[in-house]
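Here are some exercises to work through with the structure open beside you. Try each task before reading its solution.

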Amino acid sequence: MRPLDPRLLRRSRAARGFVLAGGALALLQAGATIGFAWALATLVTRFIDGAAPRSFGGILALLLVAASVRALSGWLWEWVGSAGAMRVKAELRDDLLAALERRPGGIRNLTTARAATLLGPGLDALDEYFGRYLPQLVLTVVATPVLIVAVWTADWVSGLIMVIVLPLIPVFMALVGMATEAVQRRQWQRLQSLSKGFLEVLGGLSTLLVFGRAERQVTRIRTVTDAYRSSTMKVLRVTFLSGFTLELAASLSVALVAVSIGLRLVAGDFTLAPGLFVLVLAPDVFLPLRNVGAAFHASTAGLEASRDALDLLDQAEADAAGGTGAPATAAATVAAQPHARGASEPDPAGLRIRDLRVLRDGSPVLEGFDVDAAPGEFVVVMGESGSGKSSLLAALLGFAEVEGEAALDGEPIGAATRSRIAWSGQSSQLLAGTIADNVRLGHADAPGALLDRALRLGGVDLPADRVLGPGGTGLSGGQAQRVATARAVHRLLATDGRLLLLDEPSSALDPDRERALGARLRELAREGRIVLATTHRAGLADAADRVIRLPEVARV
Amino acid sequence: MSDRAEAVLRQAVPPVRRLLPSVLLGVAAGLSSVLLLASSAWLIARAAEQPPVLYLSVAVVGVRAFALGRAVFRYLERLAGHDAAFRQLATIRAGVFERLLPLAPDGLASSRRGDLLARFVGDVDELQNVSLRIVQPVVSAAVVLVAAIAGLAWLAPASALAVGGCLAVGIAAAILAQQVIAARADRRLAPLRGELQAAVVEHVQALEVLVAFDAAAAGRARIRRLGLRLERATRLRASAVGIAAAAMSAVGGFAAAASLSAAEPLLAGGRIDGPTFAVLCLVPLAIAEVASALPIAVGSLRVVRASAERVANAVPEEIPAEVPTTPAEPVALLAPTSTSTRVPAPALRLRGVRARWPEVGGADATAAGDVGRTGAPAALDALDLDVAPGERLLVEGESGAGKTTLAHVLVRFLEYKGSYRLGDAEVRDLDPRDVRRVVGLVEQRPWLFDEDLRQNLAFARDTASDEELLAVLDRVGLAEWAAERGGLDAPVGERGALVSGGQAQRIALARAMLADFPVLVLDEPTASVDADRADALLRDLLEAAGRDRTVVLISHTGAPHELVDRAVTLRPGTNAPVQPGS
């Protein structure tokens with residue numbers, strides 16, 4: 001396992017800054033530690049030798065300064081660590097959001113829920129990673145060698161002991177890890193399901209009450225938690241072994257160094273001052289490595305988080321570069337055809353679709369679709385669920401991969417035509433804020449009269465200053481749907497767009513409201529725009545100029 | 001901090017006998033650590049005087065023993081500490097659950113919102129750290145510190161005083177920084193973090209909309225600004241935590257210098273020898289390392305306290321008036337003649353029924369950004385309603401008309417005013433559990449346990465054989481689907497992640513069929529189903545429910561009226577007169 005993903009350093013300026021600042025700090029800390037050990041050893045030795053105390057003011061001052069510098073570096077580490085975490089998180093978050101925006105149709109294998117987790121709690125794992133693990137890692141890499149050189153200079157035997165023992169620690173830890181991996185993996189699954197036991201009981205409490213099963217859960221909670229304890233302890237007995245290895249190696253080498261120095265002192269081969277110096281320094285040589293071991297969990301969680309994020313960025317970039325399935329490229333294949341036919345098409349105004357094929361994850365969800373819609377027309381597309389209605393709209397927005405010909409006013413459909421299209425999806429997807437904020441999304445500076453008109457056309461009968469919660473909570477399904485429709489209408493009016501796409505705008509409306517909506521959409525179309533709505537109910541279709549039925553597709 | 005949170009914390013402290021092994025092992029590990037340095041220092045300083053090797057052998061053995069002891073005791077301490085914490089966790093969880101039970105489900109915030117539930121469970125589980133990260137390390141460290149300073153005092157009282165003084169100042173500074181500055185920063189950080197997370201979730205979920213409306217870049221800029229604000233707030237916290245770390249790091253060096261200065265006159269006066277002097281000068285370093293556990297524990301206490309506070313808030317002290325309680329002497333509800341035959345469906349008769357939802361976990365809900373508590377379902381006002389035995393009644397009405405409130409009154413989750421009779425009995429006089437044996441509910445979002453299909457069905461009737469379970473699956477139209485997935489062993493996933501909304505409804509109905517409720521309330525069974533499949537699902541559900549039980553079907557989108565015997569409409573706000581449907 002790599003301790004630090006090199007891609008993180010390549011991509012993130014903040015991560016590089018952290019490593020540089022940390023390296024400098026580690027050198028400072030190593031210097032202070034050596035100064036402290038030297039001052040303490042010298043003072044003790046000289047006092048024992050009976051020298052006059054007056055001459056030691058300078059060394060005592062050095063001792064205190066070194067201790068203070070060490071404390072200061074500890075303080076700075078907190079700063080560097082937390083600032084590093086925050087900045088790297090902000091960078092990754094921004095990059096990831098930008099990557100998602102370039103592919104609004106979705107990135108393969110990435111659900112919305114996973115993306116939200118990845119960007120939120122997922123990245124938070126980097127707090128501990130930068131705050132606790134990486135500082136110790138940098139110290140191990142930078143400070144430990146400096147300290148060993150200092151020990152070696154004072155006493156090469158002790159230096160040699162450390163040089164031999166230190167590399168053994170990771171080796172032993174790896175051996176313990178390998179030997180216990182199988183046990184761990186066996187326990188893990190069981191542990192996962194046991195750890196959820198309490199949440200399941202609480203979450204299903206009303207269900208348990210309905211079935212008169214709630215009271216007996218007290219004993220069950222105890223049993224499940226106790227089973228969780230014994231399983232976890234089995235895992236921990238093994239997990240803590242690697243910590244034990246570290247601790248044992250560190251304290252045994254201190255003992256080894258102390259005894260070896262003691263025996264050479266007795267023999268008269270050595271002097272007290274370097275002996276004490278090495279003794280004071282020895283625990284500090286092992287400290288960063290011990291802390292790395294202690295922060296092992298923080299490292300795996302943080303690595304996983306950064307790997308997930310970086311993988312996603314790489315994949316997004318590879319998709320964009322390779323062009324396999326990227327909507328932008330698919331639109332380009334479409335591009336050639338309308339121009340070739342340009343001569344035989346005297347009037348390219350309106351929407352023209354020929355033999356359209358829409359693909360999702362490489363397989364077709366809609367095939368052989370033809371439609372022509374002239375400005376002023378209200379067209380309704382009918383079809384059962386799964387017949388590809390939503391995919392058709394996604395294709396017209398340039399969100400989906402398509403083959404065939406699709407053009408708006410002679411220009412091939414793609415990201416560029418999006419500016420002339422307004423759209424409302426099957427789910428309302430409102431945002432936190434007022435109804436007016438929602439309706440004016442993306443066009444906040446449009447004149448107020450447009451807002452009123454959009455609200456009327458959408459059929460919103462609520463005050464525009466009503467505040468909605470996150471995700472537009474606080475409205476019923478039908479109300480939310482009408483606000484979403486008004487939002488699309490507002491964009492159409494604000495941009496003087498050509499095409500209004502509405503996906504099931506009446507699925508949560510009662511028949512009266514549905515009929516009224518149909519009439520208003522017709523009115524909107526008469527102004528010289530194209531309105532294209534999908535539905536599975538007859539109510540909306542009655543008002544349309546034209547109804548296109550999608551054949552039922554066998555659902556996979 | 002409130003008294004109730006204190007009480008929650010106290011309950012999380014394990015009894016002495018459970019704590020003792022880990023504390024003793026912690027003391028042994030800490031003492032080994034101090035004695036390792038002491039014996040090493042003595043060994044080296046004494047060896048420099050070049051005595052016969054024999055005089056050093058005890059120290060050599062000591063050095064090795066303490067080195068070994070430190071590692072072994074630390075390992076055992078960690079195991080014993082975790083074991084004690086997990087044992088306590090069982091007590092904590094069961095205790096909290098017992099306090100929740102009388103309030104469940106409608107008196108609890110956590111049962112209304114998934115995110116609150118996850119946080120509540122996290123908070124309860126956080127309480128195990130009272131033992132693991134606070135009580136046990138603090139007690140062990142305190143014992144070691146007292147013993148070590150007593151040892152110093154035995155060698156040189158002045159040194160002990162100097163070291164003790166340095167420690168007291170350092171620890172006090174560290175704790176103060178943790179308690180005051182870091183606590184203030186935490187209070188500022190929490191809402192900012194929530195805001196950022198909410199913004200990210202919203203951005204990702206509404207990404208298609210944002211792109212289609214050219215609003216994505218603006219949204220991303222907003223998230224970047226929130227990130228910057230969070231970074232600034234984090235700096236304050238880092239400086240506080242940094243002060244604590246720096247204080248503990250400085251304390252070792254300063255204590256060593258102080259001890260050295262205090263012991264030097266003794267050495268010069270010949271009252272202590274050189275090796276003792278070396279011990280006095282070096283041991284403060286090891287003592288400071290032991291002491292560094294204290295500010296860390298204080299930091300943990302801060303986290304645990306916040307959790308305890310939230311747990312205390314989530315469980316109201318008194319049962320709100322809106323939550324039904326079991327009457328002291330409940331009236332028996334038409335006892336079934338034998339356990340196997342089921343109660344015949346009684347008539348339901350509601351007169352002037354009013355009901356509303358209790359205020360729950362106010363602080364929690366607002367902290368989570370719940371705007372105006374709009375999520376709380378509406379009240380029910382002066383409702384008259386009759387449901388005849390075996391009747392199929394459709395209750396329609398917009399969101400906010402109080403349909404779910406009605407469902408919860410019917411199954412006795414919510415208290416009511418007015419009169420609600422089951423047959424001849426006033427429901428208020430009955431044991432709520434008896435009511436729920438007669439009136440069953442299939443919830444809007446039925447909870448599926450992360451087990452297999454068998455366990456998700458069998459808890460409704462644990463005597464049911466596999467054949468019976470398969471038969472009921474067949475009735476709700478899931479036989480084929482289940483067979484494809486491995487029959488009753490098919491997993492349903494976490495919160496039913498592996499099944500669709502319609503399948504979850506069918507499974508929930510199958511459970512209700514197994515429990516064989518004479519009266520069945522279906523609350524918005526089509527809420528999480530595509531609009532164009534809703535009617536088909538309703539048809540299947542009602543057919544499976546059969547004609548021999550009363551069904552109250554609640555739906556805001558309505559239902560084909562030929563499926564039901566009668567339809568009524570609830571109107572929000574007004575006195576909710578029930579109007580006869582078609």
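**Exercise 1: The antiparallel sheet of chain A**

Leu356(A) stands opposite Phe369(A) in β2(A). Keep in mind that this is a predicted model.

*Task.* Starting from that pair, work out which strands form the open antiparallel sheet and which of them stand at the edges.

*Solution.*
1. Begin with β1(A) and β2(A): 7 bridges join them, and the two strands run antiparallel.
2. Now extend the sheet. Its 4 strands come in the order β2-β1-β4-β5 of chain A, with antiparallel pairing.
3. Look at the ends of that order. β2 (363-373) and β5 (411-412) of chain A each have a single partner strand, so one side of each is left without a neighbour in the sheet.
4. Add the helix. α12(A) lies across β1, β2 and β4 (401-408) of chain A and runs at about 110° to β1(A).
5. Finish with a backbone check. Asp355(A) has a positive phi of about 50°, although it is not a glycine; its place is in strand β1 (residues 351-360) of chain A.

**Exercise 2: The parallel sheet of chain A**

*Task.* Find the order of the strands in the open parallel sheet, and say which helices pack on or lie across its strands.

*Solution.*
1. A reminder to start with: strands of a sheet pair through backbone hydrogen bonds, either parallel or antiparallel.
2. Here 5 strands of chain A pair in parallel, in the order β6-β9-β10-β3-β11.
3. The edges are β6 (421-424) and β11 (546-549) of chain A; each has a single partner strand, so one side of each lacks a neighbour in the sheet.
4. From one strand to the next, the twist averages 15°.
5. Zoom in on one pairing. Strand β9 (residues 499-503) and strand β10 (residues 530-535) of chain A run parallel and are joined by 5 bridges. Within it, Leu502(A) has Ala533(A) in β10(A) as its bridge partner.
6. Now the helices. Helix α12 (residues 389-396) of chain A packs on this sheet, where it touches β3 (378-382), β6, β9 and β10 of chain A, and its direction makes about 150° with that of β9(A).
7. Helix α15 (residues 477-495) of chain A lies across β6 and β9 of chain A, at about 175° to β6(A).

**Exercise 3: A helix pair within chain A**

*Task.* Decide how α2(A) and α3(A) are oriented relative to each other, and describe their contact.

*Solution.*
1. Take the geometry: helix α2 (residues 13-48) and helix α3 (residues 57-102) of chain A pack at an angle of about 165°, with their axes 8 Å apart.
2. Angles over 145 degrees count as roughly antiparallel, and α2(A) and α3(A) are therefore roughly antiparallel to each other.
3. The crossing of the two helices is left-handed.
4. By class, the contact of α2(A) with α3(A) has 22 nonpolar, 7 polar and 3 charged residues.

**Exercise 4: Where the chains meet**

*Task.* Describe the contact between chains A and B, then examine two helix pairs that cross it.

*Solution.*
1. Count the residues on each side: 110 come from chain A and 116 from chain B.
2. On the side of chain B, helix α8 (residues 216-268) gives the largest share, 25 residues. That side has 66 nonpolar, 24 polar and 26 charged residues.
3. Follow α8(B) to a partner: α3(A) packs against α8(B) at about 160°, with the axes 8 Å apart. The two are therefore roughly antiparallel.
4. The crossing of α3(A) and α8(B) is right-handed, and the residues of their contact divide into 25 nonpolar, 9 polar and 10 charged.
5. For the second pair, take helix α9 (residues 272-294) of chain A and helix α2 (residues 16-47) of chain B, whose axes come within 10 Å and cross at roughly 165°. This angle makes α9(A) roughly antiparallel to α2(B).
6. Their crossing is right-handed. Leu272(A), Gly275(A), Leu276(A) and Leu279(A) in α9(A) meet Ser40(B), Ala41(B), Ile44(B) and Ala45(B) in α2(B).
7. Sorting the residues of this contact gives 6 nonpolar, 2 polar and no charged.

Notes:
Residues numbered from 1 in each chain as written. Chains lettered and ligands numbered in written order. Predicted model: local features only at pLDDT ≥ 70, side-chain atom pairs only at ≥ 80, totals over all residues. Contact = placed C-beta atoms within 7 Å. Nonpolar A, V, L, I, M, F, W, Y, C, P; charged D, E, K, R; others polar. Axes fitted to C-alpha atoms, helices over the stretch in contact; angles between N-to-C directions. Parallel < 35°, antiparallel > 145°, perpendicular 65-115°, else oblique. Left-handed = near helix turned anticlockwise from the far one by under 90°. Pairing = 2+ DSSP bridges.
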